[in-house]
Amino acid sequence: MTTFDAGDITLEKVREYVWEIPQEGEMRTPARVLASEALLEEISEDKTLQQLKNTTHLPGITKHAICMPDGHQGYGFPVGGVGALDAENGCISPGAVGYDINCGVRMMKTNLTYDELQGREEELVDSLFANVPSGLGGGGVVEAGVDTVDEILSRGVDWALEHGHAVEDDLLHCEDEGTREGADPDKVSQKAKDRGKNQIGSLGSGNHFLEVQRVTDVFDDEVGEAFGLEENQIVVLIHCGSRGLGHQTCNDYLRKIEQQHRGLLDRLPDKELAAAPAGSQLAEDYYAAMNAAINFAWVNRQLIMHRTRQVFERVFDRSWEEMEMDLLYDVAHNIAKKETHTVDGEERELYVHRKGATRAFPAGHPEVPKAYRDVGQPVIIPGSMGAGSYVLRGGEHSMDLTFGSTAHGAGRLMSRTQAKNEYWGGDVKQELQDQQQIYVKAQSGATVAEEAPGVYKDVDEVVRVSDELGIGDRVARTFPVCNIKG
C-alpha cells in the first residue's frame, strides 16, 4: 500500500488522487484528501490535515470528511473542506461554514471579443474601480434602511429584480434562483445589519475581486455551446460575499454556541469547530440566519454586476443588452445546505457544509437550472490574477465521491503576512502589465502583494485533479485582462 507521511498523520492511497486518513480513536469516519502528490505536498505544509482529521469528530458526520485539491488551513475547518452531517442526529457548525457566508463567484458573459477591448483596458479598469465600491468598511451601490435590509435578507435577488437591479434571467441562472428558503431576518443581529446596510454592492478587500477576462480555450464544444462560451470572448468574474453582515453573523453564533452548548464544544478537539446540535433552537436559528446572509451575498454580487453593466455601457457606448451581458451562473462557497444524499443505499437528509468548496451537481440533477440540466451545473474556479480561471461542469462522480462538490479556486500557498514580506505590490502590478498585459487597480499595494500570483497553488493542477476524478469536468479556460481589488 502506498502511503504519504505528513509528520503525525499518515495517509493511505485509496486510488489515484484519493488519499485517506484511516478512522482511529474518537474519529467517527475516515477523512479523505483528493489531490495529486504535488498538491498533497503543499496541503501538508500547514495545519490542513490536522484540521481535516479534527472534523471527523463532529457528531453525525457521514461517510468521510473531504478535503478538495485546493485545500489549505482555515478557521477550525479547512478551506476546501466538505463535511456532510446528519440533519436529525448530527449538528451544524458555523466554523465549518466560515465567516464570509456565501463568499462566491458569478460569471457574466458578453458578445465582445478581446480584439474589441484591446486598447481600452486602462479606461475600463479605471471606470470599474471608480464605480464599483471596494476596500474595507462602508460604501455600496445602495445604502439601505432597516426595512430594506430585512427585505434583502428575506428575498435575495427577488428584491433586486423588483427594484430594477436585475432581470428575470439573472434569477434563473443563479444557484437556488438567488433566494434561500428558510431565511429569517429576525435571527440576524442588529449589529450585523448595521455592518451590512452600507455595504450592499461592494467587493470588500482581501481576495475579493472583479475581473474582466478573455476565454482562451474551450475544451468541450458541446457543453461550451450550452454555456454560451467561445474562444476570444470577453467575460466578467465577480468574487465577493456577505461582507460585514456575514462576518458578524458567524461571530454572533459562535459566541452563542460557546455559551449554550459547552458540553458538545468540550468533546471536540478544536473549539473553532463549535457546533449546535441538530434540532436545537440554536441550530435552527443559525440555519435561518445563515440563509439570510446567503441572500444578502447574492444581492451584493447582483448589484455589482448591475453596476458593471452600466460601466460597460458607458465605455463601449451601447446597451448591456446589445452586448449580451448575461449571467452564466452564480455559485456559492462557505455554505451549509440541507440536501438529500444516498449514503449506503439509504436516502438521508444532511447538512452539507462546503467551506471554500463549490456545489457541482451533474447532468440530470433536478436542482440544476433547466438551461443546463442536460449538461450539468456550471462550476466557476477562479485562479490568481496572473493565471487562468476555469469553467467546469458538475461531474458524474461528484454525488458519490464528494456529496456533489468540487474545489472553489487555486487555494493559498502562503499567508497574507508572508506574501507581504515576499512581494511588493507596485512591482507585482507592473510585472503583470508589462509581461502579461493584465491591468490591475487596487485600494493599496499591500492588497496586490497579498494576492500575488505566487501566493497561490497551481490552478491548472487543481482543475486537472477535479477533471480526472470526474467531480468537475473542464469546459473552458479564461485569462485576466483587467482586475480591480479592495
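User: In this predicted model, what makes D330 and R106 a salt bridge?
Analyst: Their closest N and O atoms are 2.8 Å apart. The cut-off is within 4 Å, so the pair qualifies. Both D330 and R106 are buried.

User: Where in the chain do these two partners sit?
Analyst: D330 lies in strand β12 (residues 327-332) and R106 in strand β8 (residues 104-113). They are 224 residues apart, so the pair is said to link distant parts of the chain.

User: Why is the contact of K63 with D400 called a salt bridge?
Analyst: The closest N and O atoms are 3.5 Å apart. The limit is 4 Å, therefore the contact counts. K63 is in the loop between α2 (48-55) and β5 (65-72), while D400 is in helix α13 (residues 398-402). The separation is 337 residues.

User: Why is K63 called partly exposed?
Analyst: K63 has 29% relative accessibility. Partly exposed covers the range between 20% and 50%, so K63 falls there.

User: And what makes D400 exposed?
Analyst: D400 reaches 52% relative accessibility. Exposed means over 50%, so D400 passes.

User: How do you know that D170 and R309 form a salt bridge?
Analyst: Their closest N and O atoms lie 2.9 Å apart. That is within 4 Å, so the pair meets the criterion. D170 belongs to helix α7 (residues 168-172), R309 to helix α12 (residues 281-316), 139 residues apart. Both D170 and R309 are buried.

User: What joins R412, R416, K420, E450 and E451 into one network?
Analyst: Salt bridges that share partners.

User: How many salt bridges does a search of the whole structure find?
Analyst: The search finds 31.

Methods. Residues numbered from 1 in each chain as written. Predicted model: local features only at pLDDT ≥ 70, side-chain atom pairs only at ≥ 80, totals over all residues. Heavy atoms only, no water. Salt bridge = Lys/Arg side-chain N within 4 Å of Asp/Glu carboxyl O. Helix = DSSP H or I, 4+ residues; strand = E, 2+ residues; numbered from the N terminus. Buried < 20%, exposed > 50% of the residue type's maximum accessible area, 1.4 Å probe, protein only.
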